[in-house]
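Me: Please take a close look at one part of this model, the nonpolar patch on the surface, and set it in the context of the chain around it. I would like the cut-offs stated along with the values.

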Amino acid sequence: IGRTLIPRYFSTVFEGGVSDLYYILKHSKESFHNSCITVDCDQCTMVTQHGKPMFTKVKMESVCDTLS
């Protein structure tokens with residue numbers, strides 16, 4: 001990913017409703033070249049959470065009535 005595209009990528013992700021984002025890297029390899037660090041990875045998983053937690057109220061009476 002080009003350096004100028006990185007901020008645009010993340011702003012697009014978060015403007016789309018993502019509230020939490022992280023990556024899980026498996027079998028990653030770091031390479032150092034002068035002042036640049038690159039990461040090569042065989043498998044990467046992007047985990048996101050969309051929106052805010054939704055609080056709900058459950059009425060147990062109706063559930064118990066339905067079960068009986």
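Reply: What follows starts with the chain as a whole, then turns to the patch, and ends with some residues outside the patch.

The model is a predicted one, in which local features need pLDDT of at least 70 and side-chain atom pairs count only at pLDDT 80 or more, whereas totals for chains, interfaces and linings use all residues. Residues are numbered from 1 along each chain as its sequence is written, and side-chain values use heavy atoms, with hydrogens and water left out.

The chain has two helices and two strands, arranged from the N terminus in the order α-β-β-α; these elements are DSSP runs numbered from the N terminus, helices being H or I over at least four residues and strands E over at least two. Of the 68 residues in the chain, 4% are buried, where buried means under 20% relative accessible area, exposed means over 50%, and partly exposed lies in between, with a 1.4 Å probe and protein chains only. The accessible surface of the chain is about 6,600 Å², and carbon and sulfur atoms hold 57% of this surface; such areas come from the Shrake-Rupley method with a 1.4 Å probe, and for residues only the protein chains shown count as cover. Among contacts with a separation of 6 or more, 35% are between residues 24 or more positions apart, a contact being heavy atoms within 4.5 Å.

The nonpolar patch is formed by Ile-6, Tyr-9, Phe-10, Phe-14, Tyr-23, Leu-25, Phe-32, Ile-37, Val-39 and Met-46, which together have about 930 Å² of accessible area. To belong to a patch, a residue must have over 30% relative accessible area and no salt bridge, and nonpolar side chains (Val, Leu, Ile, Met, Phe, Trp, Tyr) are joined within 5 Å, while like charges are joined within 9 Å; a salt bridge is a side-chain nitrogen of Lys or Arg within 4 Å of a carboxyl oxygen of Asp or Glu. At least two residues of the patch come from each of helix 1 (5–15), strand 1 (18–33) and strand 2 (36–50), and helix 1 gives the most, with four residues. Met-46, a residue of strand 2, is partly exposed at a relative accessible area of 41%.

Two patch members also bring the aromatic rings into the picture. The count of aromatic pairs is one, and in this pair the ring centres of Tyr-9 and Phe-10 are 5.0 Å apart with their planes at 75 degrees, so the arrangement is edge-to-face. Rings of Phe, Tyr and Trp (its six-membered ring) pair if their centres lie within 6.5 Å, with planes under 30 degrees apart called stacked, over 60 edge-to-face, and the rest tilted. Tyr-9 is partly exposed, with a relative accessible area of 31%, and Phe-10 is likewise partly exposed, at 31%.

Outside the patch, the cysteines merit a note. The disulfide count is zero, a disulfide being a pair of cysteine sulfur atoms within 2.5 Å; the sulfur of Cys-41 has its closest cysteine sulfur in Cys-44, 5.4 Å away, which is too far for a bond. Cys-41 is partly exposed at 22% relative accessibility, and Cys-44 is partly exposed at 44%.

Backbone angles complete the view. His-27, in strand 1, has a positive phi of about 60 degrees although it is not a glycine, and His-27 is exposed at 60% relative accessible area. Asn-34, in the loop between strand 1 and strand 2, has a positive phi of about 55 degrees, again without being a glycine, and Asn-34 is exposed at 90% relative accessibility.
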